[in-house]
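New to this one? Take a moment to look it over before reading on.

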Amino acid sequence: RRAPDVAMWDELLAAFGLMLVLEGILPFLNPGALRQTLLRMAQLEDRVLRFAGLASMGLGLLVLYFCR
């Protein structure tokens, strides 16, 4: 058995790797769509981007809560 702090770092590294894989799917499959999306996002107001970030974090926390 591994120490709890080592297991935590293993899971954190695995989660980071999964995040990189998921974030790489769109630029790999359709770089043009990603470019257009980023251009549209650059035009959004800060408050809209902040709300989207907050909603994303909240959804992520809910997923983690119900999966754990």
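Here is a short tour, going from a helix to a pocket and then to a few side-chain pairs.

## A predicted model

One thing to keep in mind from the start: what you see is a predicted model.

## Helix H3, out in the open

Let's begin with helix H3, which covers residues 46-67. With 22 residues at 1.5 Å a residue, H3 should span 32 Å, and its end C-alpha atoms are in fact 31 Å apart, so the two figures agree.

Is H3 mostly buried or in the open? The number of buried residues among its 22 is zero, so H3 lies largely in the open. Leu 62 is one of the residues found in this helix. Its relative accessible area is 47%, which lies between the 20% and 50% cut-offs, so Leu 62 counts as partly exposed. If you want a feel for distance, try Leu 62 and Asn 30: they sit 32 residues apart along the chain, and 29 Å separates their C-alpha atoms.

## The largest pocket

Now for the largest pocket, which holds about 300 Å³ of space. Which helices help to line it? Helix H1 (4-29) and H3 each supply at least two of the lining residues. H3 gives the largest share, with five residues.

The lining is made up of Ala 15, Met 19, Leu 22, Glu 23, Ser 56, Gly 60, Val 63, Leu 64 and Cys 67. Sorted by character, six of the lining residues are nonpolar, two are polar and one is charged.

## An aromatic pair

The structure has one aromatic pair. The partners are Tyr 65 and Phe 66, whose ring centres lie 5.1 Å apart; their planes meet at 80°, so this is an edge-to-face pair. An angle over 60 degrees is what earns that label. As for their surroundings, Tyr 65 and Phe 66 are both exposed.

## A salt bridge

Side chains with opposite charges can pair up when their charged atoms come close. How many salt bridges does this structure hold? Just the one: Arg 47 pairs with Glu 45, and their closest N and O atoms are 3.0 Å apart.

The two partners fall into separate exposure classes. Arg 47 has 59% relative accessibility and so counts as exposed, while Glu 45, at 47%, counts as partly exposed. The dividing value here is 50%, since exposed means over that figure.

Methods. Residues numbered from 1 in each chain as written. Predicted model: local features only at pLDDT ≥ 70, side-chain atom pairs only at ≥ 80, totals over all residues. Heavy atoms only, no water. Helix = DSSP H or I, 4+ residues; strand = E, 2+ residues; numbered from the N terminus. Expected span 1.5 Å × (residues − 1). Buried < 20%, exposed > 50% of the residue type's maximum accessible area, 1.4 Å probe, protein only. 1 Å grid on protein atoms, 1.4 Å probe; cavity = no way out; pocket = protein on both sides within 12 Å on 5 of 7 lines; lining within 4 Å. Points joined across faces, edges and corners; volume = space filled by probe spheres on them. Nonpolar A, V, L, I, M, F, W, Y, C, P; charged D, E, K, R; others polar. Phe/Tyr/Trp six-rings, centres within 6.5 Å; stacked < 30°, edge-to-face > 60°. Salt bridge = Lys/Arg side-chain N within 4 Å of Asp/Glu carboxyl O.
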